[in-house]
Amino acid sequence: MSTDPGTELPTDPAVEPAVDEGPPPTPLLAPRDGLPPVIETSTALVAYADALAAGSGPVAVDAERASGYRYGQSAYLVQLRRAGAGTGLIDPVPLPDLTAVQTAIGDAEWVLHAANQDLPCLAELGLVPARLFDTELAARLAGLPRVGLGAVVESLLGLSLQKGHSAADWSTRPLPADWLVYAALDVEVLVELRDALAQILEEQGKTEWARQEFAAILTAGPPAPKVDPWRKTSGMHGLRSRRQLSMVRALWQARDELARRRDIAPGRVLPDAAIVSAVQADPKSEGALLELPVFRGRANRKLVTTWFGALVRGRELPEDQLPPHSRPGDGPPPVNRWADRDPDATARLKAARAALAQVSEQWSVPVENVLSPDLVRRLMWAPPRSADAAAVAEALRAGGAREWQVELTCDLLTEAIAG
């Protein structure tokens, strides 16, 4: 059979070509140094802080929360690992002040995966990095197709991490041994992963991009409180009247207060579906409320006065105090309304999105990381009066764009505005 590169070989459509996927990943089943005991006393904490201070290099950091079980997003386990110090598993319930650890590692580079998820709960404990490397964000910039921790570790290090405990109730005490193994493994190879990603970014000419992104995380500060969080109640899109919205708000607020007081996730106190069902049914008595299927449980029978009282408050609120149909925003309207309200803005946005998609493909960076979609919408809806590159660059910086993003997108957005 000819092997001339110009000769096309016939293929059998029923036979899939063999793909060399390389060796299977090696399971990472246990910490290399063994599972350390959980640090639960001040004496043990000081000893580990001293070990961290004597260690070298970056510090891998992770935290486990009890999302879906507890009211807030507090940490219920903090994991750290540093060369020369090994892995530490710290229980922040008896040790809510970790300033000893902060003093030990404050100047070192912290390595986290999806840092924005963990930094708020770490800050509650007195842990705030001066420098960081976010392996999830680095994987995005590097163009990896999957950026979850397990997927990136498998792709770059050839190892497979344990799965199954990320959504566990980490407020459980004592913590099961297999959970602790899972938690320890999350920081086991984080520094090695950081080094592999840093090398890729260097080869791609994106090291400075990553530096700017990590600096932006550090300077962003805590997230602003959500405005009208009750509007996120699942399933309420079918409620049309302001009176119904008032009842949703009253029930949501009653649930939130109770959940906060009991330190229970709100959805475990009363599901969103129950709130919406109660508002749709609009019962006129506690008995009628309890006839709804979602309110027949023993817990809701005990709380029926609370829930019915909230419904009554929302129903009887004066007209001038009812919530508006939608929350007034400082941004542009929904994109699906642009065509009727401003066809030129629609054309600008279409051109900008097409150009950004090309940049995304060229640099193998997700388009949402090339530039914030919200910033693109704002800029295309209300572009600067002088639609030149300098004005567009100023608007991008004012909207939080990093310098690498400004350099990459300013000219094409200027063209989209002018076009």
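**Sheet pairing, burial and salt bridges**

Trainee: Leu80 stands opposite Gly88 in S5. What makes S4 and S5 a pair in the antiparallel sense?

Mentor: Some ground rules, as this is a predicted model: local features need pLDDT of at least 70, side-chain atom pairs count only at pLDDT 80 or more, and totals for chains, interfaces and linings use all residues. Residues are numbered from 1 along each chain as its sequence is written, and side-chain values use heavy atoms, with hydrogens and water left out. Now, strands (E, at least two residues) and helices (H or I, at least four) are DSSP runs, numbered from the N terminus. Two strands pair if DSSP finds at least two bridges between them. S4 and S5 have five bridges, in the antiparallel sense, so they pass that test.

Trainee: And S2 with S5, what makes that a pair?

Mentor: Two bridges, in the parallel sense, and at least two is what the rule asks, so S2 and S5 count. Ile39 has Ile90 in S5 as its bridge partner. S3 (residues 56–65) and S6 also run parallel and are joined by two bridges, with Ala60 partnered by Val111 in S6.

Trainee: Why are S2 and S7 called edge strands?

Mentor: The open sheet has six strands in the order S2-S5-S4-S3-S6-S7, with mixed pairing. S2 and strand S7 (131–134) each pair on one side only, and that puts them at the edges.

Trainee: What makes S5 largely enclosed by the rest of the structure?

Mentor: Buried means under 20% relative accessible area, exposed means over 50%, and partly exposed lies in between (1.4 Å probe, protein chains only). In S5 (residues 86–90), five of the five residues are buried, so the strand is largely enclosed.

Trainee: How do you know that Thr135 is buried?

Mentor: Its relative accessibility is 0%, which is under 20%, so buried is the right word. Thr135 sits in helix H4 (residues 135–141). Leaving out residues up to four places away in sequence, Thr135 touches (heavy atoms within 4.5 Å) several residues, including Val111, His113 and Arg194.

Trainee: Why is Arg81 with Asp33 called a salt bridge?

Mentor: The rule wants a side-chain nitrogen of Lys or Arg within 4 Å of a carboxyl oxygen of Asp or Glu. For Arg81 and Asp33 the closest N and O atoms are 3.2 Å apart, so the pair qualifies. Arg81 is in strand S4 (residues 75–83) and Asp33 in the loop between S1 (26–27) and S2 (38–39), 48 residues apart. Arg81 is buried at 13%, whereas Asp33 is exposed at 56%. Both belong to a salt-bridge network with Arg32, Glu188 and Glu192.

Trainee: What makes Glu109 and Arg194 a salt bridge?

Mentor: N to O is 2.6 Å, within 4 Å, so yes by the rule. Glu109 lies in S6 (residues 109–112) and Arg194 in helix H7 (residues 190–203), so the pair ties together parts 85 residues apart in sequence. Glu109 is buried at 12%, and Arg194 is buried at 17%.

Trainee: Why does Arg242 with Glu319 count as a salt bridge?

Mentor: The N to O value is 4.0 Å, and the rule says within 4 Å, so the pair counts. Arg242 is partly exposed at 26%.

Trainee: How many salt bridges does the rule give?

Mentor: The count comes to 25.
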